[in-house]
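Work through the exercises below with the sequence and the model open. Try each task before reading its solution.

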Amino acid sequence: MDTGLRKFIFRDLQTIEGYIDPPDALVFLSLLRAQKKSGLEGGIAEIGVFYGRSYFLLKKISEGDRILAIDLFDLGQTPDAASTQYARFIANGRRLGLAVDEELVIRGDSTLMRADEITRKVGRTRFFSIDGGHTLQHIAADSRLATDTLADHGIIAFDDTFNPAWPEVTVGVADFLRDRKDMFSTFCMTKYKTYVCRNEFHEFYLNAIAKAPDLLAFDHVETEFLGAKVTRLHNPISRRMVYELMVRSGMRALSERVYR
Ligand SMILES: C[S@@+](CC[C@H](N)C(=O)[O-])C[C@H]1O[C@@H](n2cnc3c(N)ncnc32)[C@H](O)[C@@H]1O
């Protein structure tokens with residue numbers, strides 16, 4: 001286990017407003033580590049940065065790699081002022097000691113972007129996080145864009161799958177997988193995310209999840225999704241409750257132990 005990175009995940013990252021929780025943060029860490037260990041290189045990209053919670057995680061894990069941030073960055077925008085979202089994103093990076101490389105930020109609507117705008121900046125991608133717009137049209141466009149930038153060994157992480165608040169995300173991911181069943185399959189699912197790779201790397205990533213030291217705390221439940229064998233990482237409610245209680249009572253520093 002990587003003590004320094006776990007400390008970052010359970011303490012520093014939680015100070016950034018946003019949506020990635022420790023279980024998926026540990027999956028990101030495990031997958032990026034498995035790639036590095038096997039010499040599977042490439043750029044990293046995220047659509048949907050918000051204030052940078054998952055972006056700074058990617059940056060911390062992959063220091064030295066090129067990480068592209070794509071977002072509208074228009075939250076808090078008024079006609080006469082700059083976006084407060086972008087300013088807060090940049091400030092968060094400074095505070096964490098992970099300054100944002102502004103050359104690697106694209107401000108705009110991801111559904112209008114082309115793959116070569118991304119590959120020109122970070123090369124072919126080994127990890128692509130999709131967490132931007134949550135309608136069917138967004139998922140269709142963003143998954144097409146991600147596919148067109150992906151290295152052979154690249155992973156796409158879809159956020160908010162099976163979340164009843166965003167039903168079209170699930171439909172979009174199912175469409176993506178059914179339209180490309182000869183190319184892509186799911187290898188891992190958590191409460192919030194679905195992880196997909198090319199069929200040739202399915203066994204490799206199943207194995208990476210099975211062996212990851214940082215994922216031993218979860219129940220590894222074998223399931224199937226659209227014809228592919230998938231490991232569902234189950235995080236029992238009892239653990240989630242203990243974790244929440246610790247965080248709420250100011251024991252954040254110790255909360256990491258719950259996930260060992
Ligand atoms: C749920 S938040 C992302 C959360 C973030 N990944 C985190 O870890 O906290 C969704 C983000 O997607 C952005 N977004 C929504 N539609 C978009 C689009 N069409 N193009 C680019 N970004 C978009 C929003 O501005 C917002 O910042």
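Helices here are DSSP runs of H or I with at least four residues, numbered from the N terminus. The model is predicted.

**Exercise 1. Place alanine 140. In which element does it lie, and is it buried or exposed, or in between?**

Step 1. Find the element. Alanine 140 belongs to helix 6, which spans residues 136–149.
Step 2. Apply the cut-offs. Buried means under 20% relative accessible area, and exposed means over 50%.
Step 3. Classify. Alanine 140 has a relative accessible area of 33%, so it is partly exposed.
Step 4. Look across the sequence. Threonine 111 is 29 residues away from alanine 140 along the chain. Their C-alpha atoms are 8.8 Å apart in space.

**Exercise 2. Do the same for alanine 165. Where is it found, and is it buried or exposed?**

Step 1. Alanine 165 is in a loop, with strand 5 (150–159) on one side and helix 7 (167–179) on the other.
Step 2. Its relative accessible area is 53%, so alanine 165 is exposed.
Step 3. Take a distant partner in sequence. Glycine 18 and alanine 165 are separated by 147 residues along the chain, and by 16 Å between C-alpha atoms.

**Exercise 3. Describe the settings of serine 185 and aspartate 214. What is the relative accessible area of each?**

Step 1. Serine 185 is part of strand 6, residues 184–189.
Step 2. With a relative accessible area of 10%, serine 185 is buried.
Step 3. Check its side chain. It makes a polar contact of 2.9 Å with the side chain of asparagine 199.
Step 4. Turn to aspartate 214. This residue is in the loop between helix 8 (202–211) and strand 8 (219–225).
Step 5. Aspartate 214 has a relative accessible area of 7%, so it too is buried.
Step 6. Find valine 27. It is 187 residues from aspartate 214 in sequence, yet the C-alpha atoms are 7.9 Å apart.

**Exercise 4. Examine the backbone of phenylalanine 73 and leucine 226. What is the sign of phi in each?**

Step 1. Recall the general trend. Most residues other than glycine have a negative phi.
Step 2. Read phenylalanine 73. Its phi is positive, about 50°, although it is not a glycine.
Step 3. Read leucine 226. Its phi is also positive, near 50°.
Step 4. Locate both. Phenylalanine 73 is in the loop between strand 2 (67–71) and helix 4 (84–96). Leucine 226 is in the loop between strand 8 and strand 9 (228–234).
Step 5. Assess burial. Phenylalanine 73 is at 0% relative accessibility, so it counts as buried. Leucine 226 is at 41%, so it counts as partly exposed.

**Exercise 5. Analyse the ligand site. Where does the ligand sit, and which residues come nearest?**

Step 1. Locate the site. The ligand occupies the largest pocket.
Step 2. List the neighbours. There are 18 residues around the ligand, and Gly48, Ser54, Asp71, Asp109 and Asp131 come nearest.
Step 3. Sort the shell by class. It has nine polar, five charged and four nonpolar residues.
Step 4. Trace the backbone contacts. A polar backbone atom of tyrosine 19 is 3.0 Å from a ligand oxygen atom. For glycine 48, a polar backbone atom is 2.8 Å from a ligand nitrogen atom. At serine 110, a backbone N or O atom lies 2.9 Å from a nitrogen atom of the ligand.
Step 5. Gauge the cover. On its own the ligand has 600 Å² of accessible area, and the protein covers 89% of this.

Conventions. Residues are numbered from 1 along each chain as its sequence is written. This is a predicted model: local features need pLDDT of at least 70, side-chain atom pairs count only at pLDDT 80 or more; totals for chains, interfaces and linings use all residues. Side-chain values use heavy atoms; hydrogens and water are left out. A residue is near a molecule or strand if one of its heavy atoms lies within 4 Å of it. A polar contact is a pair of N or O atoms within 3.5 Å; within protein, one must be able to donate a hydrogen and the other to accept it, and residues adjacent in sequence count only if both atoms are side-chain atoms. Accessible areas come from the Shrake-Rupley method with a 1.4 Å probe; for residues, only the protein chains shown count as cover. On a 1 Å grid over the protein atoms alone, a cavity is a set of points where a 1.4 Å probe fits but cannot get out, and a pocket is an open set with protein on both sides within 12 Å along at least five of seven lines; lining residues have an atom within 4 Å of a point. A molecule sits in a cavity or pocket if more than half of its atoms lie within 2 Å of its grid points. Ala, Val, Leu, Ile, Met, Phe, Trp, Tyr, Cys and Pro count as nonpolar, Asp, Glu, Lys and Arg as charged, and the others, Gly among them, as polar. Helices (H or I, at least four residues) and strands (E, at least two) are DSSP runs, numbered from the N terminus. Buried means under 20% relative accessible area, exposed over 50%, partly exposed in between (1.4 Å probe, protein chains only).
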